[in-house]
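Here is a walk through the insides of one protein model: its pockets, its cavities and its core. Keep the 3D view open as you read.

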Amino acid sequence: MSESPVVTRPILSYAKDLPNLCSLAGLLCAMLGIYFAFLSNFPAAMIALIWAVFFDWSDGIIARRTPGRTKEQGEFGAQLDSLIDIVSFGICPAVILLSYGNFSPWYIPGAFVIVASGVIRLSYFNVFGLVDKSTYWGFPLDNNVIILVFLFLFDGLISPAIFGLVLYLLLMVLAALNVAPIKTPKFAGRWYYFITGYTLLFTILYGFKMLCTTP
């Protein structure tokens, strides 16, 4: 007796899942960050990037609070989240670095290291997961962006040459930490209020900065 065929849902049906819609909102923010980075509009890129972090933190909370969510929806959401993370926290910071360096060939190795460390870290996490319920191996990728957004407050206060060097070195250190054999805590619970406030604060700061620099 042959087994019954596996019934699969249409691909786009998973996009209607509220947590996945939240993840896709984060992807849109990352794409906007890349767009503004190409235009060298770094304040706008920082706003887009910190909102990508906010949506990345939000999708898991929404998923846990969505009743009747199936196992396959959860598995699909986990894969979607991981793929979006590499765009938001790998490719977007790499493009920001390249753009700040006026796409000089000297910045290509740094951009590669950012993306490569990101995909290695996410591949490792997808296979092995957390050390325990509240601990990661290595420094989480989204935390890179939290630091990067803070650093760009100093853009324009020091010379572009010095800031570009600091930016390059910081991103290399963070990339190394992403794949380092160190244990780092998973920020959850009340930390969500922190990232919400952080997102709103830096949206206001960079929004004000853009208004002040508009001719």
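How much space lies in the second largest pocket? About 160 Å³. Keep in mind that this is a predicted model.

The lining of that second largest pocket includes Ile-120, Arg-121, Tyr-124 and Phe-125, along with Tyr-136, Trp-137 and Gly-138. Farther along the chain, Asn-178, Val-179, Ala-180 and Pro-181 also line it. Helix H4 (108-128) gives the most to this lining, with 4 residues, and H4 and strand E1 (135-137) are the elements that give two or more. By type, the lining splits into 8 nonpolar, 3 polar and 1 charged.

Now for the largest pocket, which has a volume of about 1,100 Å³. Its lining counts 37 residues, and the ones nearest its centre are Asp-56, Asp-59, Asp-81, Tyr-136 and Lys-186. Tyr-136 also lines the second largest pocket. Six helices, H1, H2, H3, H4, H5 and H7, each supply at least two residues of the largest pocket's lining. Sorted by type, that lining has 17 nonpolar, 10 polar and 10 charged residues.

There are also closed spaces: the structure holds 2 cavities of 30 Å³ or more. Here are the pockets and cavities side by side.

| Space | Volume | Lining by type |
|---|---|---|
| Largest pocket | about 1,100 Å³ | 17 nonpolar, 10 polar, 10 charged |
| Second largest pocket | about 160 Å³ | 8 nonpolar, 3 polar, 1 charged |
| Largest cavity | about 50 Å³ | 6 nonpolar, 1 polar, no charged |
| Second largest cavity | about 40 Å³ | 4 nonpolar, 3 polar, 4 charged |

Which residues line the largest cavity? They are Phe-89, Pro-93, Ile-114, Asn-144, Leu-148, Leu-171 and Leu-174. H3, H5 and H6 each supply at least two of them.

The second largest cavity has Asp-56, Asp-59, Asp-81 and Asp-85 in its lining, as well as Phe-89 and others. Asp-56, Asp-59 and Asp-81 are also among the residues nearest the centre of the largest pocket. H3 gives the most to this cavity's lining, with 5 residues, and H1 and H2 each supply at least two.

H3 turns up again where it meets H5: the two axes come within 9 Å and cross at roughly 35°. On the H3 side the contact uses Ser-88, Phe-89, Pro-93 and Ile-96, and on the H5 side Leu-141, Asp-142, Val-145 and Leu-148. That makes 6 nonpolar, 1 polar and 1 charged.

On to the core. In soluble globular proteins, nonpolar side chains tend to be buried together. In this model, the largest nonpolar core has 42 residues, with Met-46, Val-53, Ile-96, Leu-148, Phe-152 and Leu-167 making the most contacts inside it. Helices H1 through H7 each give two or more residues to this core, and the largest share, 10 residues, comes from H3. Apart from it lies another core of 5 residues, among them Cys-22, Ala-52, Phe-54 and Phe-55. Leaving aside neighbours within four places in sequence, Leu-167 is in contact with Leu-97, Tyr-100, Leu-148, Leu-151 and Phe-152.

Last stop: Phe-187, in the loop between strand E2 (183-185) and H7. Is Phe-187 buried or partly exposed? It counts as partly exposed because its relative accessibility is 31%. Not counting residues up to four places away in sequence, Phe-187 touches Trp-57 and Asn-143. Its C-alpha atom is 7.7 Å from that of Ser-134, 53 residues away along the chain.

Technical notes. Residues numbered from 1 in each chain as written. Predicted model: local features only at pLDDT ≥ 70, side-chain atom pairs only at ≥ 80, totals over all residues. Heavy atoms only, no water. Core = buried A, V, L, I, M, F, W, Y, C linked by side-chain atoms within 4.5 Å. Buried < 20%, exposed > 50% of the residue type's maximum accessible area, 1.4 Å probe, protein only. Contact = heavy atoms within 4.5 Å. 1 Å grid on protein atoms, 1.4 Å probe; cavity = no way out; pocket = protein on both sides within 12 Å on 5 of 7 lines; lining within 4 Å. Points joined across faces, edges and corners; volume = space filled by probe spheres on them. Nonpolar A, V, L, I, M, F, W, Y, C, P; charged D, E, K, R; others polar. Axes fitted to C-alpha atoms, helices over the stretch in contact; angles between N-to-C directions.
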